[in-house]
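Here are my notes on the structure you sent. They are numbered so that you can reply point by point.

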Amino acid sequence: MSTPPQPPQQPEQPSEAPAQPSAYPYPHPQSPVPGGPMGFPPAAPATQAGQQSVYAQPTLVGQPVQPQPGNPYAQPGPYPVVAPPPTGGGGAGRAVLWAVVGAVVASAAWAAGVFLIGTGADPDLRGYTAPSNLCNATDYSSFKEEYTENDSAPTHNSLEDDALDEGLCNLSLKKSGSSYADAYLSVQLDRHKKTDPGPEFTATWKNYADSHTGYDVETVTGMGDEAYLVSDDTTSGSSSGSLYATLAVRDGWVTYTMSYSAYYSSYSDDTDPPKLAEVSDWLKADTRTTLGDLRD
């Protein structure tokens, strides 16, 4: 924020006679040039209290004397408008004047452009809704054939803001007879209402393998504007290791991810975990169903 201008301090009384007006439109070349705003010299000092020197500020040829920009306390000098000489003269003064006029015109044009064009595009939400409980809106029926026990206490969260609507859901997956969860599902829906998520979404998911060692990325067609299946399988056909897979979809300014994760060891109840190909098919089928339901 700009600081309000301060009243000018009363200068000391001059000890010598004031300098005679110069033919130059600026102060004498040997005199130091004070740092006035935008390159202009500050207002002329007063020779007596309440009076202004008639010599301190030369008049630009052909131009009326105006208060200096940025100084609300400067008063116009007692000079009349002087007609320009027959040949040349006053070029530097006119250049300064036109520079100021050009800046004013450019500022006005910029303001008009902002007013007429606006500062942002309308969000491309493709008709998707933002449920307050994403768990109730998520279809994961494909997984229920393998994990038959229902999660009695799934966790969910939601955010509604002018810039973003977001829903989160975490589900535990259990096979029949298991004491603890055998796998987990995590679902997230984001409706971006101020910024296009496209470039960052592509950079994150398409290049996931470049920043995460051991992961594979598959481009999935026929789903939204773009979709990627990111996976990491260290089970090697055994009952140990881990299996991770995420299907990330962008449709307009809406993004959706469904992630599966399972960790196996000799202590796991699940001795026959699903394969990556099966999990990938389940993610694709249930994501298509969920996105379709969210657009109804």
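1. The largest nonpolar core of this predicted model has 34 residues. Those with the most contacts inside this core are F143, Y147, L173, L185, Y260, V279 and L283. At least two core residues come from each of α2 (134-137), β2 (164-173), β3 (183-192), β5 (226-233), β6 (241-251), β7 (254-264) and α6 (276-294). The element that gives the most is β7, with 6 residues. As general background, nonpolar side chains in soluble globular proteins tend to be buried together.

2. L283 is a useful residue from which to view this core. Neighbours within four places in sequence left aside, L283 is in contact with F143, L185, L229, A245, T246, L247, M258 and Y260. Another core, of 6 residues, lies apart from the largest one and includes F201, W205, V230 and A248.

3. K284 follows in the numbering and lies in helix α6. Is K284 buried or exposed? Its relative accessibility is 17%, so K284 counts as buried, the cut-off being under 20%. With neighbours within four places in sequence again left aside, the contacts of K284 are E218, V220, M223, L229 and L247.

4. The sheet comes next. Its 7 strands form an open sheet in the order β1-β2-β3-β7-β6-β5-β4, and the pairing is antiparallel. Which strands stand at the edges? They are β1 (155-160) and β4 (216-219); each has a single partner strand, so one side of each is left without a neighbour in the sheet. On average, and with direction ignored, neighbouring strands are turned by 10 degrees against each other.

5. At the β1 edge, β1 and β2 run antiparallel and are joined by 6 bridges. One residue to look at here is N157, whose bridge partner in β2 is L168. As for helices on the sheet, α4 (residues 198-206) packs on it and touches β4, β5, β6 and β7. The direction of α4 makes about 25 degrees with that of β5. Helix α6 also packs on the sheet, where it touches β3, β4, β5, β6 and β7. The direction of α6 makes about 30 degrees with that of β6.

6. How many disulfides does a search of the whole structure find? It finds 1, formed by C135 and C169, with their sulfur atoms 2.1 Å apart. The link is right-handed, with 110 degrees about the S-S bond. C135 lies in helix α2 and C169 in strand β2, so the pair ties together parts that are 34 residues apart in sequence. Both cysteines are buried: C135 has a relative accessible area of 11%, and C169 has one of 0%.

7. A last point concerns confidence. The chain has a mean pLDDT of 75, and 59% of its residues reach 70 or more. Over residues 70-89 the pLDDT is below 50, although this stretch has 33 contacts in the model beyond near neighbours in sequence. Residues 94-98 also stay under 50 in pLDDT, and the model has 5 contacts for them beyond four places in sequence.

Key. Residues numbered from 1 in each chain as written. Predicted model: local features only at pLDDT ≥ 70, side-chain atom pairs only at ≥ 80, totals over all residues. Heavy atoms only, no water. Core = buried A, V, L, I, M, F, W, Y, C linked by side-chain atoms within 4.5 Å. Buried < 20%, exposed > 50% of the residue type's maximum accessible area, 1.4 Å probe, protein only. Helix = DSSP H or I, 4+ residues; strand = E, 2+ residues; numbered from the N terminus. Contact = heavy atoms within 4.5 Å. Disulfide = S-S within 2.5 Å. pLDDT = per-residue confidence, 0-100. Pairing = 2+ DSSP bridges. Axes fitted to C-alpha atoms, helices over the stretch in contact; angles between N-to-C directions.
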